[in-house]
Amino acid sequence: VMGNSSEFQKAVKLVIDTVSFDKDSTVQVFEATIRVLGSLLSAHIIITDSKQPFGDMTIKDYDNELLHMAHDLAVRLLPAFENTKTGIPYPRVNLKKGVPPDGNNETCTAGAGSLLVEFGILSRLLGDSTFEWVARRAVKALWSLRSNNTGLLGNVVNIQTGHWVGKQSGLGAGSDSFYEYLLKSYILFGEKEDLEMFNDAYRNIQNHLRRGREACNEGEGDPPLYVNVNMFTGQLMNTWIDSLQAFFPGLQVLIGDVEDAICLHAFYYAIWKRYGALPERYNWQLQAPDVPFYPLRPELVESTYLLYQATKNPFYLHVGMDILQSLEKYTKAKCGYATLHHVVEKTKEDRMESFFLSETCKYLYLLFDEDNPLHKSGNKYMFTTEGHIVSVDERFRNSLWQDILPGEEDSAEKVKPNEFKAVNFTSNCNRVPDERRYLLPLKSNYMRQIDRMVGLV
Ligand code: DMJ
């Protein structure tokens, strides 16, 4: 992304020469997929891109090693999909020995249902449907378990019985990337059934999770908020929102619901302004953190970046600058950036998650790098849920396995890669990132209302 080809080449060589997955180590299938498999595939795609938009990222004598490694890793994850009565995978697998004998039968929706982007890419690059098939089967199994009454899914399910152990339906931890990957699978592979599921899910979210006034930037009533409800009854389960939910405005940008995205984003930003970070859980009734740590998560920056791309409103540069300054002020440590143990006390933990580099820093950098090749590609790239870049191109459109994709007989129904465009509202503002001057996306009474809601005024 920064165009630093020598470092990229060095890192790729290091990975090829030193990384092995032949380890007696138990990993989370979801984390290994989005962090490790995703980065291997992304780097492979960049290396083999005939256009090389980021500079010369080719590797001398490259023989698809990263793709082979991705394949090796995915094969080691496959046991998670065996011996499960529903097809929903086990959450953990040992890379050498398969599912541990005492393997947990309960998994969260996001963990089991957000593997399709990476598994689908791998399948399509290899011409082997196995990986896409298991990932799709998991999505469909989860989807079939949604409530007849509300259409909502819970957050924890038993993979053998299909019984919902966690009945909470929300946009945050345990659910977030499930929705994200329905849409992103569609963007990447163009399969209609993914879009249909996403549209249904989005409608149910609007009907049951969204509270507050109807038009977010207009009229009376509370600002909109997406709450956690019981999946079967739609009744409120608690009064907190979590930091992971801040990804949702970014997803709304991708589908073009920009106005709602602007309003929701502003709510999370108001919380950020109060603490200089986002608490893991914030109780909107008590106006206080329920869970006070901040592990350098990217979701607010990610939404800020996508909103800036969609609106070009300098307000989002101001937000990015504010986030950057708080990160510098509160999280910078001697050898990196540290998790905040407590957003009020600003105490630190000796921990820097990999998503800080692959997402938080990347989105911040890209927010300010107007001329980055990514922004000149005509939306030819997409970010995985871990911020890895994959190209939206024909290579991923031509699946050879219609048998696992019902209702796709008519391939003309597929959307062509360059037909998908993020909404682009270019405003005429000049670009001084000053908050007061550029509150343009929101009415000022709205801002006052949410500032009050988070106890800022
Ligand atoms: C990232 O690992 C991914 O974005 C994931 O989908 C959920 N959120 C974390 C970072 O907060």
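1. Asn64 is partly exposed, with a relative accessible area of 30%, and this residue of the predicted model sits in the loop between helix 2 and helix 3. Its backbone deserves a look, since Asn64 has a positive phi of about 60° without being a glycine. As background, most residues other than glycine have a negative phi.

2. A second residue to inspect in that connection is Gln52, which lies in the loop between helix 2 and helix 3 (65-77). Gln52, likewise not a glycine, has a positive phi of about 45°. Is Gln52 buried or exposed? The relative accessible area of Gln52 is 16%, so it counts as buried, the cut-off being under 20%, whereas Asn64, at 30%, falls in the partly exposed class.

3. Turning to the ligand, the residues that surround it are Phe30, Ile34, Asp176, Ser177, Leu244, Arg297, Pro298, Glu299, Phe355, Glu359, Thr385 and Glu386. By character, this shell divides into five nonpolar, two polar and five charged residues, so that a reader going through the side chains will meet both nonpolar and charged groups around the ligand.

4. Which side chains of the shell place a polar atom 2.7 Å from an oxygen atom of the ligand? Arg297 does so with a polar side-chain atom, and Glu299 does so with an N or O atom of its side chain. For Thr385, the distance from a polar side-chain atom to an oxygen atom of the ligand is 2.6 Å. The ligand exposes 300 Å² when taken alone, and the protein buries 93% of that area. Two or more residues of the shell come from each of helix 2 (29-48), helix 7 (176-189) and helix 13 (354-368).

5. Helix 7 also holds Lys184, a residue whose environment may be worth checking by eye. Lys184 has 5% relative accessibility and therefore counts as buried, since the limit is under 20%. Apart from its neighbours within four places in sequence, Lys184 is in contact with Val117, Leu254, Met382, Phe383 and Thr384.

6. Thr150 can be examined in the same manner, and its place is the loop between helix 6 (130-144) and strand 4 (156-158). Although it belongs to a loop, Thr150 is buried, with a relative accessible area of 4%. Its contacts, once neighbours within four places in sequence are set aside, are with Asn204, His208, Met231, Phe232, Thr233 and Gly234.

7. For the chain as a whole, the model contains 14 helices and 18 strands. The radius of gyration is 22 Å, close to the 23 Å that the globule rule gives for 457 residues, so the chain is as compact as a globular protein of that length. Along the principal axes, the C-alpha atoms fill a box of roughly 55 × 50 × 50 Å.

8. Some overall values complete the note. Of the 457 residues in the chain, 56% are buried, and the chain exposes about 19200 Å², of which carbon and sulfur atoms supply 50%. Where contacts link residues at least 6 apart in sequence, 69% of them join residues at least 24 apart.

Notes:
Residues numbered from 1 in each chain as written. Predicted model: local features only at pLDDT ≥ 70, side-chain atom pairs only at ≥ 80, totals over all residues. Heavy atoms only, no water. Near = heavy atom within 4 Å. Polar contact = N/O pair within 3.5 Å; in protein donor to acceptor, adjacent residues only side chain to side chain. Areas by Shrake-Rupley, 256 points an atom, 1.4 Å probe, with all protein chains shown as cover. Helix = DSSP H or I, 4+ residues; strand = E, 2+ residues; numbered from the N terminus. Rg over C-alpha atoms; globule rule 2.2 N^0.38 Å. Buried < 20%, exposed > 50% of the residue type's maximum accessible area, 1.4 Å probe, protein only. Contact = heavy atoms within 4.5 Å.
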